[in-house]
Amino acid sequence: MAVDSWVSHAKALRFIEETTTNADSVQKRVLAEILNRNADTEYLNRFRLNGATDQDAFKSKVPVVTYEELEADIRRIANGDRSPIFSSHPISEFLTSSGTSGGERKLMPTIKEEMERRQLLYSLLMPIMNLYVPGLDKGKGLYFLFVKAETKTPGGLVARPVLTSYYKSDIFKTRPYDPFNDYTSPNEAILCANSFQSMYTQMLCGLLIRHRVLRVGAVFASGLLRAIHFLQLNWKQLAYDISTGTLSPKITDPCLRECITSKYLTNPNPELAEFISKECSTEEWEGIVTRIWPNTKYLDVIVTGAMAQYIPTLELYSGGLPMACTMYASSECYFGLNLNPMCKPSEVTYTIMPNMGYFEFLPHHTLSPPAHSHNSPPRLVNLADVEVGKVYELVITTYSGLNRYRVGDILQVTGFHNAAPQFRFVRRKNVLLSIDSDKTDEGELQTAINNAALLLREFNTSVLEYTTHADTKTIPGHYVIYLELLVKDTANPPPVETLNQCCVAMEESLNSVYRQCRVADNSIGPLEIRVVKNGTFEEVMDYAISRGASINQYKAPRCVNFTPILELLDSRVISAHFSLSKPHWTPERTR
């Protein structure tokens, strides 16, 4: 390692140690900074803090809130109100959350300096990784990174996902060369808005210098599997381009085309093309990652939470490579780091960095307070006071002006690094189904079922019972809906066309994040309805009771992942139906 890199890594590791050792004092300082700078904001003035910056005053006067309680104020900013509502600093843009409200992505106001705070956390990742995997400065990272659609609010502010904001920032685009963060993909490929052209050229670049690749990754496990599936579908054209030294005419973006043809695809390489054809033409794709990129040391992907369902498939394709989950972040705030990134996916814990925001923790058994019950806020636990083994919901206060905001993440304390707690991500609150960045809750699912049921009425048919499953055996994964129907007129059952249309109706009912994944990102496959025999859900109930469930309290599960129940359901399927068209989606918000 070069001396400059050694010095910067040592400094980063020292910063982590100092910050986590003084977690409680850092938290008090962060809260005081936030309250001091935002003292004259409209939101804090509503609660008469009168300039107080201490924890006790803050907790006694400022309520714990959800997005819905802030939405009216957020709408004002989106519509052009530039007064200091949440933050004394101007709102620079909105970061769109993968969580939704009323079917649309949540809008998270942010300020310019937050980009630097996020960059600070990124700068800590490789110093940690270098402790476990030396020599990463001797090669490149093949990362499949993408920008997503963005829009503007009526008031003119950009609204886009947090990673799209980061990739389009000068911090990313003009970043100095760093041998530890040297990507195979040029900026032109990452920033191409066309998902096919972006994926194609990123894959092409990764193939052209395959021996220099030391790590392979994407943001989410699902994204890396999509890249592998893309190679399965497009290896012939990729091999042809490499063999002839020409670029597919499907790459029409002029800047991207110029970049690839002038810097990467400069000469024919028939030997490499022959190798790729040999490896990809076989039906055996086990270990394909290490066969194509033999020097790969690990996969860099998020495999916690809903992404854990992809671990077996990634193990198959990678030949059992380690999977590194490096950081814990959201649109609202970047939270912390995995200080042992080469651990097993089931053992991943994140150390909260106390400088990133002010963090509180709502014991998960605590009931949600009634809306607007601001006189008796729930008792929250400080960062330094959480207890090992207990489960909490994360509540944050940020420099951008979110105060005591319930993120919706459920975390379990696993231990401490110095004085900073370490958490295992348990799940997103209320999320029932998730394939990619989508998060579908039970209320949204019930609305979709109701809308499908309307189409069945014409045939005197109703939905007796249903459950769901996120099927990740296909790439991309897709929602499966198991329906048990009551057909009152057996001579006139709903035809196949109607059941196919029920799939479409359900997809149209789901939130905008799901529909974007289906339409723009192609990261979710068509929704499937599997109609099961009558009496199937009674069998499911009998099975649950045989395993100890109470017959008095039994309710049909709305999502199933337990293999024996899935096998039971699938053994009773009498017909399967798919969405034959994609749902409506546009970057423009409807509300």
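**Exercise 1.** Are α1 and α7 roughly parallel or roughly perpendicular to each other?

*Solution.* The model is predicted: local features need pLDDT of at least 70, side-chain atom pairs count only at pLDDT 80 or more, and totals for chains, interfaces and linings use all residues. Residues are numbered from 1 along each chain as its sequence is written, and side-chain values use heavy atoms, without hydrogens and water.

Step 1. Helix α1 covers residues 3–21 and helix α7 residues 125–132; helices (H or I, at least four residues) and strands (E, at least two) are DSSP runs, numbered from the N terminus.

Step 2. The two helices pack at about 100 degrees, their axes 8 Å apart. Axes are lines fitted to C-alpha atoms over the stretch in contact, with angles from 0 to 180 degrees between N-to-C directions.

Step 3. α1 and α7 are therefore roughly perpendicular (65 to 115 degrees; under 35 is roughly parallel).

Step 4. In the contact (heavy atoms within 4.5 Å), α1 supplies His9, Ala12, Leu13 and Ile16, while α7 supplies Met126, Pro127, Ile128, Asn130 and Leu131.

**Exercise 2.** Describe the surroundings of strand β20.

*Solution.* Step 1. β20 spans residues 478–487. Strand β19 (residues 461–471) pairs with β20 in the antiparallel sense over ten bridges; pairing requires at least two DSSP bridges. Ala470 has Tyr479 of β20 as its bridge partner, and a hairpin of six residues joins β19 to β20.

Step 2. Strand β21 (residues 528–532) runs parallel to β20, with five bridges between them. Leu483 has Val531 of β21 as its bridge partner.

Step 3. Eight of the ten residues of β20 are buried, so the strand is largely enclosed by the rest of the structure; buried means under 20% relative accessible area (1.4 Å probe, protein chains only).

Technical notes. Buried < 20%, exposed > 50% of the residue type's maximum accessible area, 1.4 Å probe, protein only. Parallel < 35°, antiparallel > 145°, perpendicular 65-115°, else oblique.
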